[in-house]
Amino acid sequence: MHRIILATGNLNKVREISASLEGSSIEIMPQSMFNVPDADETGTTFVENAIIKARNCAAHTGEAAMADDSGIGVDALGGAPGVHSARYSGEHANDEKNTALLLRNMEDVPDGKRTARYWCVMVYMRSASDPTPIICQASWDDPVFLIPELGKTAAEVSLEVKNSMSHRAKAIKMMTERLREMHA
């Protein structure tokens with residue numbers, strides 16, 4: 001059995017990734033089981049932050065680690081809020097406040113220019129000093145404003161539909177395919 005420590009305490013992420021690896025020889029465990037402190041996300045890109053988190057996890061556990069970083073990039077805002085997505089509306093940010101601020105900042109942007117996408121980057125590192133981490137990146141276009149193929153916003157679709165289409169679902173699928181190949 002190959003064990004990978006996931007740089008999160010979010011058990012839903014652990015379950016989602018574990019389910020995608022069902023039947024393989026890979027076991028996913030949360031870093032919270034190893035008392036790994038959260039890493040300071042000081043990167044300027046999703047890739048940098050995911051590497052920082054995976055490296056921190058691998059350094060504290062001595063095991064292979066995986067991490068993700070994600071957020072939304074709005075074209076009319078130069079890619080913002082980007083890596084600041086989770087705290088876009090300030091110190092007491094939450095999804096509702098962040099979305100409200102984002103929509104306020106988009107008020108003067110015409111409909112044809114209201115393009116955005118959610119990004120998710122997943123990183124797998126064999127060790128804290130791994131010079132060639134596996135990096136998988138995926139996006140989901142326009143989920144805050146409208147999912148074109150469904151004619152609905154992300155808030156209007158079921159969790160099952162969202163989990164099959166989202167940026168995170170796509171990145172997890174790419175990463176688990178790579179991991180299955182490595183550990184076949």
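1. In this predicted model, helix H1, which covers residues 11-20, packs against helix H5, which covers residues 167-182, at an angle of about 50°, and the axes of the two helices lie 9 Å apart. That angle makes H1 oblique to H5, and the crossing of the two helices is right-handed.

2. On the side of H1, the contact is made by Lys-13, Glu-16, Ile-17 and Ser-20, while H5 contributes Arg-168, Ala-169, Ile-172, Thr-176 and Arg-180. Sorted by class, the residues in this contact of H1 with H5 are three nonpolar, two polar and four charged.

3. Two of the residues named in that contact, Lys-13 of H1 and Arg-168 of H5, appear again when the salt bridges are considered, since Lys-13, Asp-68 and Arg-168 are linked in a network of salt bridges. A search of the whole structure finds nine salt bridges, and the points below take up some of them in turn.

4. Glu-41 and Lys-53 meet through their side chains in a salt bridge, with a distance of 3.8 Å from N to O. Because Glu-41 lies in the loop between strand S2 (26-30) and helix H2 (46-61), whereas Lys-53 belongs to helix H2, the pair ties together parts that are twelve residues apart in sequence. As for accessibility, Glu-41 counts as partly exposed, at 32% relative accessibility, whereas Lys-53, at 14%, counts as buried.

5. A salt bridge also joins Arg-117 to Asp-75, and here the closest N and O atoms are 2.9 Å apart. This pair links distant parts of the chain, with Arg-117 in strand S4 (residues 116-125) and Asp-75 in the loop between strand S3 (65-74) and helix H3 (95-105), and the two residues are 42 residues apart. Is each partner buried or partly exposed? Arg-117 has a relative accessibility of 18%, and because buried means under 20%, Arg-117 counts as buried; Asp-75, at 41%, counts as partly exposed.

6. Asp-130 forms a salt bridge with Arg-126, and the closest N and O atoms of this pair are 2.6 Å apart. Asp-130 counts as buried, at 5% relative accessibility, while Arg-126, with a relative accessible area of 38%, is partly exposed. A student who looks at this pair in the structure can therefore keep in mind that the acidic partner, Asp-130, is the buried one, and that Arg-126 is partly exposed.

Note on methods:
Residues are numbered from 1 along each chain as its sequence is written. This is a predicted model: local features need pLDDT of at least 70, side-chain atom pairs count only at pLDDT 80 or more; totals for chains, interfaces and linings use all residues. Side-chain values use heavy atoms; hydrogens and water are left out. Axes are lines fitted to C-alpha atoms, for helices over the stretch in contact, and angles run from 0 to 180 degrees between N-to-C directions. Helices (H or I, at least four residues) and strands (E, at least two) are DSSP runs, numbered from the N terminus. Angles under 35 degrees count as roughly parallel, over 145 as roughly antiparallel, 65 to 115 as roughly perpendicular and the rest as oblique. A crossing is left-handed if the near helix is turned anticlockwise from the far one by less than a right angle, and right-handed if clockwise. Contact means heavy atoms within 4.5 Å. Ala, Val, Leu, Ile, Met, Phe, Trp, Tyr, Cys and Pro count as nonpolar, Asp, Glu, Lys and Arg as charged, and the others, Gly among them, as polar. A salt bridge is a side-chain nitrogen of Lys or Arg within 4 Å of a carboxyl oxygen of Asp or Glu. Buried means under 20% relative accessible area, exposed over 50%, partly exposed in between (1.4 Å probe, protein chains only).
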